[in-house]
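The exercises below are to be worked with the sequence and the coordinates at hand. Each task is followed by its solution in steps.

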Amino acid sequence: TGLRDTITEFLRSLPALDRDLFVGRYFYALSPQVLAADQGLTRNAVNLRLKRIRDQLRIYLKERGYTV
């Protein structure tokens with residue numbers, strides 16, 4: 001599988017909220033403030049969740065042989 005498929009697999013493994021935040025931020029370029037308002041979270045909570053998701057993605061990719 002390619003990188004796109006690997007990232008898709010990762011996203012499918014996430015809880016719905018985390019997936020929505022990640023896709024909103026990095027595919028639709030929504031600001032953390034907009035995501036926070038949409039999800040009823042604080043901007044800081046969104047930023048923290050996004051950082052944790054990025055960290056998880058980095059590990060996921062490394063485990064599958066990608067250089068990050």
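A residue counts as buried under 20% relative accessible area, and as exposed over 50%. The model used here is predicted.

**Exercise 1. Burial in an aromatic pair**

Determine whether Phe10 and Tyr60 are buried or exposed, and classify the geometry of their rings.

Step 1. Phe10 and Tyr60 are both buried.

Step 2. Their ring centres lie 5.3 Å apart, and the planes stand at 55 degrees. Rings pair if their centres lie within 6.5 Å, and planes under 30 degrees apart would be stacked, over 60 edge-to-face. The Phe10–Tyr60 pair is therefore tilted.

Step 3. Phe10 belongs to helix H1 and Tyr60 to helix H4, with their positions 50 residues apart in the chain, so the pair links distant parts of the chain.

**Exercise 2. A second aromatic pair**

The structure holds three aromatic pairs. Describe the one formed by Phe22 and Phe27, and state the burial of each partner.

Step 1. The centres of the Phe22 and Phe27 rings are 6.5 Å apart with 55 degrees between the planes, and this pair is tilted.

Step 2. Phe22 has 6% relative accessibility and therefore counts as buried.

Step 3. Phe27 has a relative accessible area of 52%, so Phe27 is exposed.

Step 4. Phe22 and Phe27 form one aromatic cluster with Tyr26.

**Exercise 3. The buried side of H2**

Find the buried residues of helix H2 (residues 16–26) and say where they sit around its axis.

Step 1. The buried residues of H2 are Asp18, Leu21, Phe22 and Gly24.

Step 2. They cover an arc of only 165 degrees around the axis, and therefore lie on the same side of H2.

Step 3. Their packing partners are helix H1 (3–13), helix H3 (32–39) and helix H4 (43–63).

Step 4. Asp18 is a charged residue with a relative accessible area of 12%, hence buried. Apart from neighbours within four places in sequence, Asp18 is in contact with Arg49 and Ile53.

**Exercise 4. The packing of H2 and H3**

Give the geometry and composition of the contact of H2 with H3.

Step 1. Two packed helices are described by the angle between their axes and the distance between the axes. For H2 and H3 the angle is about 145 degrees and the axes are 10 Å apart.

Step 2. The crossing of H2 and H3 is right-handed.

Step 3. From H2, Leu17, Asp20, Leu21, Gly24 and Arg25 meet Pro32, Leu35 and Gln39 of H3.

Step 4. These contact residues divide into four nonpolar, two polar and two charged.

Notes:
Residues numbered from 1 in each chain as written. Predicted model: local features only at pLDDT ≥ 70, side-chain atom pairs only at ≥ 80, totals over all residues. Heavy atoms only, no water. Buried < 20%, exposed > 50% of the residue type's maximum accessible area, 1.4 Å probe, protein only. Helix = DSSP H or I, 4+ residues; strand = E, 2+ residues; numbered from the N terminus. Arc of directions from axis to C-beta. Contact = heavy atoms within 4.5 Å. Axes fitted to C-alpha atoms, helices over the stretch in contact; angles between N-to-C directions. Left-handed = near helix turned anticlockwise from the far one by under 90°. Phe/Tyr/Trp six-rings, centres within 6.5 Å; stacked < 30°, edge-to-face > 60°.
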